[in-house]
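Biologist: I am new to this structure and should like to go through it step by step. Please show it, and I shall then put my questions.

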Amino acid sequence: MENCAACERPSVYFRMYSGEKLCRGCFLRSIENKVRETISKYSMIRHGEKVALALSGGKDSTALISIMAKLGARFPGYELVAITVDEGIAGYRDESIRIARKRCSQLGVDHLIVSFEDLYGFTLDEIREALRRDGVGLGTCSYCGVLRRKALNSTAKAVKADKLITAHSLDDEVQTILLNVIHGDILRLPRITPDVERKIPGLIPRVKPLREVPEEEIALYAFLRKIEMQKTPCPYAKESMRNDARMLINTFEKKHPGTRYTMLRSFERLSSSIRTSTIADIRYCKECGEPAAADMCKTCEILSHLKPE
Ligand code: SF4
Ligand code: ZN
Ligand code: ZN
């Protein structure tokens with residue numbers, strides 16, 4: 001490969017969508033700068049805030065916690081704490097918890113581990129079993145996601161965090177856009193656009209500093225920085241429709257570099273007009289009191305399958 005466009009050192013990466021060739025140092029800096037710019041562009045974090053980062057132990061969240069700790073040391077102004085959710089997936093979660101724990105101790109970040117079993121009384125494996133028995137035709141990821149979001153929100157609330165940081169990448173965002181369109185959930189689109197000003201009592205605002213970084217660049221960042229991460233995928237991941245969305249978008253991106261950014265920008269423009277015309281009513285769950293879109297929140301609805309009649 002030729003030399004870096006910025007400094008003439010040998011390049012390690014060709015950024016297809018911009019045509020730049022980058023050396024190791026310039027590539028790593030470009031990712032850290034992108035995260036810093038994204039945080040400031042959407043005013044994701046304010047000075048003095050406590051931020052809780054959802055750390056699964058996979059590549060995206062372990063890379064992000066390393067970047068956040070680095071930025072925090074260079075531009076002090078936020079307090080970082082990590083939360084790992086143990087869903088209770090036999091043979092899968094233990095390794096990622098070990099990695100998450102080790103990374104936090106290396107970075108000197110406080111680390112909390114919460115489990116579905118402690119919070120809801122059942123592991124994800126048990127919940128999956130019960131839903132299958134009741135003939136509920138939902139994919140495992142759809143309810144795992146609901147239960148995890150609630151676990152993260154309640155833990156972030158318990159530690160008095162001002163923001164909840166998740167490691168969603170550009171690919172995750174674009175897949176969500178496509179899935180919302182496929183499911184006919186177009187009115188949910190504004191939710192993916194950062195809006196830290198929209199305060200909902202009981203809900204810690206969620207921000208995604210990696211939302212403009214493509215997945216392959218996060219992987220390369222983690223590789224070049226020698227960040228340990230869990231490589232085995234969750235056994236239920238292949239069941240999800242998100243996998244199909246990923247393959248479709250990747251095909252487009254390969255043939256037409258830049259597709260992911262174009263999709264994100266198009267939907268951001270669209271979502272601001274949807275936002276002004278439809279501000280969804282927020283209600284509170286009659287069972288647990290947490291914010292919900294209906295009388296009962298999705299978590300309580302899922303758990304109702306596990307309660308004795
Ligand atoms: Fe949960 Fe699906 Fe992620 Fe597995 S892949 S941890 S089931 S959301
Ligand atoms: Zn360079
Ligand atoms: Zn509830």
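Modeller: This is a predicted model. A starting point is the polar contact that joins the side chains of Glu 87 and Arg 93, at 2.6 Å.

Biologist: Is Glu 87 buried or exposed?

Modeller: Glu 87 lies in the loop between strand S4 (78–86) and helix H3 (93–107). Residues under 20% relative accessible area count as buried. Glu 87 has a relative accessible area of 1%, so the residue is buried.

Biologist: Which residues does Glu 87 touch, not counting residues up to four places away in sequence?

Modeller: Arg 93, already named as the partner in the polar contact, is one of them. Leaving out residues up to four places away in sequence, Glu 87 touches Arg 93, Phe 116, Thr 123, Leu 124, Cys 144 and Arg 148.

Biologist: What are the buried residues of helix H6 (residues 140–158)?

Modeller: Helix H6 has 19 residues and reaches 27 Å from its first C-alpha to its last, close to the 27 Å expected at 1.5 Å a residue. Cys 144, which touches Glu 87, is among the buried residues of H6. The full set is Thr 140, Tyr 143, Cys 144, Gly 145, Val 146, Leu 147, Lys 150, Ala 151, Leu 152, Asn 153, Thr 155 and Ala 156.

Biologist: Which geometry does the site of the zinc ion (ligand 2) have?

Modeller: The zinc ion (ligand 2) is coordinated by the SG atoms of Cys 4, Cys 7, Cys 23 and Cys 26, at 2.3 to 2.4 Å. Four donors count as tetrahedral if all angles lie between 85 and 135 degrees. The angles among the 4 donor atoms here are 101 to 117°, and the site is therefore tetrahedral.

Biologist: How many residues apart in sequence are the parts that Cys 4 and Cys 23 tie together?

Modeller: Along the chain, the donors of the zinc ion (ligand 2) follow the spacing C-x2-C-x15-C-x2-C. Cys 4 lies in the segment before strand S1 (13–15), and Cys 23 in the loop between strand S2 (20–22) and helix H1 (24–41), so the pair ties together parts that are 19 residues apart. Cys 4 is buried at 1% relative accessibility, and Cys 23 is buried at 3%. The separation asked for is 19 residues.

Biologist: Which element gives the most to the largest nonpolar core?

Modeller: Of the 41 residues in this core, Phe 27 and Met 68 touch the most other members. H1, strand S3 (49–54), helix H2 (59–74), S4, H3 and helix H8 (215–224) each supply at least two residues. With 7 residues, the element that gives the most is H2.

Notes. Residues numbered from 1 in each chain as written. Chains lettered and ligands numbered in written order. Predicted model: local features only at pLDDT ≥ 70, side-chain atom pairs only at ≥ 80, totals over all residues. Heavy atoms only, no water. Donors = N, O, S within 2.8 Å, 3.2 Å for Na, K, Ca; no water. Tetrahedral: all angles 85-135°; square planar, octahedral: opposite > 155°, others 65-115°. Helix = DSSP H or I, 4+ residues; strand = E, 2+ residues; numbered from the N terminus. Buried < 20%, exposed > 50% of the residue type's maximum accessible area, 1.4 Å probe, protein only. Polar contact = N/O pair within 3.5 Å; in protein donor to acceptor, adjacent residues only side chain to side chain. Contact = heavy atoms within 4.5 Å. Core = buried A, V, L, I, M, F, W, Y, C linked by side-chain atoms within 4.5 Å. Expected span 1.5 Å × (residues − 1).
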